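Open your viewer and get ready to click along. Each stop says what to select and what you will find there.

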Amino acid sequence: MSQTRLRGHRRWWILAAILIVGVIAAVPVASVIHHMFDNAVGRTTVAKNADGTERTVYWREYPGVAGIDPQQVLDGPTPQQGYDAGQTMITEIKAALSEELRLQWAPVADKGSSPFHRPIENHYGGESLLTNVNGPESQSITVPQTWEEKQRAISIIEEVTRRYGFDAPAIDGLESWSAEDRIRDLGGLTPDKQVIVSGVALGRAGQWLAFRFQDLSKDGTGTFTERLRPPEGAQWQMNTMALSYGANGLLAAEDRNEFESRMESFHGLIPPAPLES
């Protein structure tokens, strides 16, 4: 466009720019207000009573956690029972890995901290009655290096976790990751080339067994060796296979009656999508 035409259209260009900026500015403000309102009110459902009248159910009062079957919670272990069984399961996995793959294990670093955490969010804008469990991580002092050895280690995990009612372990799905992200954060495009490979076996009532391989023999540039170097005095292992147990929400015995009472308002309702965090 010539300078003459540009000057001729300057007034309209400025007006259009102001309008565009106004629209762009209004969108995030509206989005923020909508997000704040959603998180303040939480999800709601209009339900019918037995007499035909309607009531509004506020999911922020939901005593469980979005995505966890409340009946599984009621049928499942208490936080202490889940934690104890999880540590026993890890002990069995470690013994099997030591026997077959000759792995040795470092002392568990954070035995003194509590694995139980509450209150926790129900992901509908309120607090849950459930308790999160995050057990300490067990780390080997060496790591299986060939992909065949890593696959065998995962098979050993499955052999043990199946006995505890867990699903088959699976490597974390990374379908949405770009090639650049995989190389930067994991060290390779496929698990057999990655420095870091992680996965999980899922149990009932939100329980999980996480595993992670950290194999610096795959670090061709030295980037991960420097990035993962622990602070002086830390007990983290550089080359390691790590295991940890946890649960996204187990029900303590003393909260059972209140949980059942509060769940009555939600019986028969289809849970909505959780709020975005």
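Start by selecting L243. Leaving aside neighbours within four places in sequence, L243 is in contact with I90, I93, K94, L97, W105, P136, E137, S138, I157, L209, A210 and F211, where contact means heavy atoms within 4.5 Å. Before you click further, note that this is a predicted model, in which local features need pLDDT of at least 70, side-chain atom pairs count only at pLDDT 80 or more, and totals for chains, interfaces and linings use all residues. Residues are numbered from 1 along each chain as its sequence is written, and side-chain values use heavy atoms, with hydrogens and water left out.

**The core around L243**

Now add I93, L97, L209, F213, M241 and Y245 to your selection. Together with L243, these residues have the most contacts inside the largest nonpolar core, which has 27 residues. A nonpolar core here is a set of buried Ala, Val, Leu, Ile, Met, Phe, Trp, Tyr and Cys residues joined through side-chain atoms within 4.5 Å. Buried means under 20% relative accessible area, exposed over 50%, and partly exposed in between, using a 1.4 Å probe and protein chains only.

Which elements give two or more residues to this core? Colour α4 (79–101), α5 (147–163), β9 (196–202), β10 (207–214) and β11 (240–250) to see them. Helices (H or I, at least four residues) and strands (E, at least two) are DSSP runs, numbered from the N terminus. The element that gives the most to the core is α4, with 6 residues. Apart from this core lies another, of 18 residues, among them A47, W59, A66 and L251.

Stay in β11 for a moment and pick S244. S244 is buried, with a relative accessible area of 11%. Not counting residues up to four places away in sequence, S244 touches I90, G135, P136, E137, W208, L209 and A210.

**Where α4 meets α5**

Next, show α4 and α5 on their own. Their axes come within 9 Å and cross at roughly 145°; the axes are lines fitted to C-alpha atoms, for helices over the stretch in contact, and angles run from 0 to 180 degrees between N-to-C directions. The crossing of α4 past α5 is right-handed. A crossing is left-handed if the near helix is turned anticlockwise from the far one by less than a right angle, and right-handed if clockwise.

To see the interface, select M89, E92, I93, A96, L97, E100 and L101 in α4, which meet E149, R152, A153, I156, I157, V160, T161 and R163 in α5.

Zoom in on M89, in helix α4. Is M89 buried or exposed? It is buried, with a relative accessible area of 1%. Leaving aside neighbours within four places in sequence, M89 is in contact with V160, T161, Y164, F166, L209 and Y245. Try a distance label too: the C-alpha atoms of M89 and R163, 74 residues apart along the chain, are separated by 9.0 Å.

Then move across to T161, in helix α5. T161 counts as buried at 0% relative accessibility. With neighbours within four places in sequence left aside, T161 is in contact with M89, I93, F166, D167, P169, A201 and L209.

**Rings and charges**

Now display the aromatic side chains. Rings of Phe, Tyr and Trp (its six-membered ring) pair if their centres lie within 6.5 Å; planes under 30 degrees apart count as stacked, over 60 as edge-to-face and the rest as tilted. By this rule the count comes to 7 aromatic pairs. Select Y83 and F116: their ring centres are 5.8 Å apart and their planes are at 70°, so the pair is edge-to-face. This pair links distant parts of the chain, with Y83 in helix α4 and F116 in strand β3 (residues 116–117), 33 residues apart. Y83 counts as buried at 18% relative accessibility, whereas F116 counts as partly exposed at 26%.

For an aromatic cluster, pick W59, Y62, Y124 and F266.

Two charged side chains come next. A charge sits over a ring if NZ of Lys or CZ of Arg is within 6 Å of the ring centre and within 35 degrees of the ring normal. The charged end of R227 sits over the ring of F224, 4.4 Å from its centre. The charged end of K150 sits over the ring of F213, 6.0 Å from its centre.

**Last stop: the whole chain**

Zoom out to the full model, with its 8 helices and 11 strands. Of the 277 residues of the protein, 35% count as buried. Among contacts between residues at least 6 apart in sequence, 73% join residues at least 24 apart.
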